[in-house]
Amino acid sequence: MWAYLTRRFLYMVLLILVTSMVSFVIIQLPAGDYITTLAVRYAATGQVVEQEVLDALRIQFGLDQPVYIQYFKWFTNVLQGDLGWSFQQVRPVSELVAERIGVTALISVCSLTFAYVVGILIGVVSAVFQYSVLDYVFTIVGFLGLASPNFLLALILMVIIFNAGGAVGGLYSTEYLNAPWSWAKFLDLLKHIPLPMIIVGTAGTAGVARVMRATLLDELQKQYVVTARSKGVAEIRLLFKYPIRVALNPITSTIGWELPAIVSGTVITDMVLQLPTVGPMLFSALVAEDMFIASSLLLFLTSLTVIGTFVSDMLLFSLDPRIRVN
Amino acid sequence: MSPLLDVRNLRTHFRTSDGIVKAVDGVSFTVDPQETLGLIGESGCGKSVTAHSIMRIVPRPGQIEGGEIHMELEGETVDLADPALSGSELRAIRGRDISMVFQEPMTSLSPVHSIGNQIRETLFLHRTRDRKEADEIAVDMLARVGIANPRQRINEYPHQLSGGMRQRVMIAIALACRPRLLIADEPTTALDVTVQAQILELINDLQDEFHMAVLYITHDLGVIAEVCDRVAVMYLGRVVEYGTVREIFYNPKHPYTVRLLRSIPKLGHTKKGEPLAAIRGTVPSPINQPPLCGFHDRCEEVMEGVCDRHIPALAEVADRHQVRCFLHSDSIQLEDGSIGTLERAPA
């Protein structure tokens with residue numbers, strides 16, 4: 001058991017190392033670098049920047065060196081807790097990420113909870129009352145939720161809510177935007193949360209509901225359910241103790257995989273809703289080849305993906321006695 | 001002595017989109033206290049549905065359409081087929097007075113609950129609310145069904161046990177509340193032969209010890225000969241022959257029973273190269289069955305115009321021996337369950 005865990009941990013570290021290298025290289029693959037982006041931007045406004053200035057900037061940023069040296073420098077700094085600087089904003093990356101990560105996590109946790117709670121409930125009702133009107137309604141709505149892109153749903157809901165006089169876009173009303181944290185600001189935040197929570201959550205809800213329905217339908221047929229019934233266990237108690245408990249395994253075990261999604265947010269939807277999350281930041285960093293911020297975020301997401309998978313395995317390990325080897 | 005279980009004209013049908021499947025269509029038999037009745041028949045003849053009907057756990061869309069299932073419970077008789085019987089009354093009987101062991105020991109236990117948990121569940125429901133006492137009983141039951149180290153096994157999970165061991169655990173669960181009737185639905189079919197013999201012996205021993213009756217469902221004639229007092233042979237949802245083991249084995253009357261017994265190969269009695277005496281044809285689908293003898297299309301002694309026109313009624317042919325066949329009686333079973341007389345055309 002401990003040998004297994006140690007081995008898994010070592011693989012994890014190795015995997016994170018390799019992905020960080022690969023992503024660092026991939027970010028640099030497009031022709032040019034941040035300085036080129038900068039020059040193009042100046043050129044667009046009619047200004048011409050001297051070649052010497054650009055070269056000086058390149059040396060200052062260390063962009064004149066080969067990729068592997070840049071990577072090595074950046075990674076040793078990361079290990080010491082220094083994520084580097086954002087070229088665009090001329091601020092430390094850690095500061096920029098810290099600003100957004102709390103809000104991102106808040107929205108993600110809310111929408112994930114929404115997706116799982118509502119999804120599991122719908123799945124259970126659909127399976128227990130299979131082929132009932134309710135089941136058909138949930139199935140149709142579920143497929144619509146799965147099939148329609150979230151940003152489209154965001155736009156539609158924004159129009160509806162705006163016409164109804166509600167708050168649309170962003171996470172705070174304008175008066176609280178730069179205000180320090182207060183009770184009133186928190187309440188204002190609570191008012192803005194449900195919209196992104198529902199929009200970001202719907203696709204997940206539909207997915208969870210489909211999986212829950214399918215697994216539960218499978219489990220309801222199993223012999224052990226009949227055994228429990230023959231013992232005289234009441235139907236509701238039986239439902240929760242046996243088939244639902246077993247059907248939850250595959251779903252609970254995937255929660256770990258959502259870990260990276262919790263901090264990344266969703267790019268397009270968040271842009272539409274003007275949410276200050278990590279997603280849009282990563283997007284603009286990639287476009288501008290603002291590589292330290294992009295690499296840091298990617299490293300962060302990779303780590304969380306790997307850790308999340310590990311957490312999933314551990315969850316399943318504790319949930320299902322059949323998997324506890326030895 | 002009045003019977004412990006008295007099933008009268010039980011009809012359990014499945015209303016499917018293809019038509020009505022009359023899985024059980026007028027089954028009657030009795031089980032005396034401490035007796036073993038064997039219910040034998042091919043796959044799909046309605047043996048298991050009969051058992052499920054007695055437990056009232058027939059899966060949808062199956063439904064008991066008619067008949068009575070009288071169960072003797074401490075001096076009073078309850079009709080288990082009575083639709084007015086409430087869920088809680090039924091659940092109090094299930095697992096306490098009647099319990100059941102199933103065919104698939106590999107899947108009939110929950111994979112994610114410990115064995116102890118699954119034995120305690122039935123004890124908590126019917127015998128005691130005390131955890132310590134329940135644990136004691138559970139350990140004792142596991143020891144009785146022949147599981148070594150019961151104190152340690154009780155915390156293990158089904159996947160850690162072999163098929164035979166799981167079936168022993170199932171028997172421990174079924175007998176934990178000392179039922180008066182055990183329904184064993186092909187409990188040895190999925191096990192290998194040596195384990196089969198052990199399980200049969202175990203059920204036999206425990207039956208004596210616990211003074212319970214057993215309704216033994218099987219398609220294995222050998223098992224019937226081994227453990228049963230009386231036998232009901234089922235074909236296509238009906239009991240076609242019913243009597244003591246001795247009568248059925250040495251004096252079979254119904255062509256189906258005769259052919260069934262003849263189809264068993266006998267060691268030393270079969271000549272080399274001689275084909276097995278299998279019954280020709282297959283069991284027809286019980287969907288939308290017209291009123292006729294279900295066996296008529298496979299029977300070698302079929303009487304045209306008789307067997308394919310009416311349902312024969314179960315008639316006494318010897319002491320404690322009944323047969324449902326026009327070769328042996330002229331009684332017809334009518335649609336409403338009453339008995340009529342066949343008018344044979346003069347020869």
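## A tour of chains A and B

Begin at the hairpin of S4(B) and S5(B), where two residues lie between the strands and B:Glu74 takes a positive phi near 40 degrees; helices (H or I, at least four residues) and strands (E, at least two) are DSSP runs numbered from the N terminus. This is a predicted model, in which local features need pLDDT of at least 70 and side-chain atom pairs count only at pLDDT 80 or more, while totals for chains, interfaces and linings use all residues. Residues are numbered from 1 along each chain as its sequence is written, chains are lettered from A and ligands numbered from 1 in the order in which they are written, and side-chain values use heavy atoms, with hydrogens and water left out.

Staying with the hairpin, select residues 62-73 and 76-79 of chain B, the antiparallel strands S4 and S5, which are joined by four bridges; strands count as paired if DSSP finds at least two bridges between them. Within this pairing, B:Leu73 stands opposite B:Glu76.

Next select helix H1 of chain B, residues 47-55, where eight of the nine residues are buried (buried means under 20% relative accessible area, exposed over 50%, and partly exposed in between, with a 1.4 Å probe and protein chains only). Among the buried residues are B:Lys47, B:His52 and B:Met55, and just after the helix B:Arg56 takes a positive phi of about 60 degrees.

Now pick B:Arg230 and B:Glu35, whose side chains meet in a salt bridge at 2.4 Å, N to O (a salt bridge is a side-chain nitrogen of Lys or Arg within 4 Å of a carboxyl oxygen of Asp or Glu). The two residues are 195 apart in the chain, B:Arg230 in strand S9 and B:Glu35 in the loop between strands S2 and S3. B:Arg230 is buried at 8% relative accessible area, and B:Glu35 is likewise buried, at 7%.

Then show both chains and colour their contact, which takes 25 residues from chain B and 22 residues from chain A, contact meaning heavy atoms within 4.5 Å. On the chain B side, B:Pro111, B:Val112 and B:Glu121 lose the most area to chain A, together 28% of what that side buries. Together the chains bury about 2,000 Å², 62% of it on carbon and sulfur atoms, where buried area is the accessible area (1.4 Å probe) that two parts lose on being put together, summed over both. Two salt bridges are found across this interface; to see a salt bridge between the chains, select A:Lys231 and B:Glu121, with N and O 3.0 Å apart.

Moving into chain A, select A:Arg91, A:Glu95 and A:Glu99, which are linked in a network of salt bridges. The A:Arg91 to A:Glu99 pair meets at 2.6 Å, N to O, and A:Arg91 is partly exposed, with a relative accessible area of 24%.

For a buried site, go to A:Ser312 in helix H15, residues 291-319, where the relative accessible area is 3%. Apart from neighbours within four places in sequence, A:Ser312 is in contact with A:Ser253, A:Thr254, A:Ile255, A:Gly256 and A:Trp257.

Finish on the surface of chain A, at a nonpolar patch of about 750 Å² whose members include A:Leu14, A:Met21, A:Ile26 and A:Val67. Such patches are made of residues with over 30% relative accessible area and no salt bridge, with like charges joined within 9 Å and nonpolar side chains (Val, Leu, Ile, Met, Phe, Trp, Tyr) within 5 Å. Helix H1 of chain A, residues 2-28, contributes the largest share, seven residues; one of the patch members, A:Ile26, is partly exposed at 49%.

How values were computed:
Areas by Shrake-Rupley, 256 points an atom, 1.4 Å probe, with all protein chains shown as cover.
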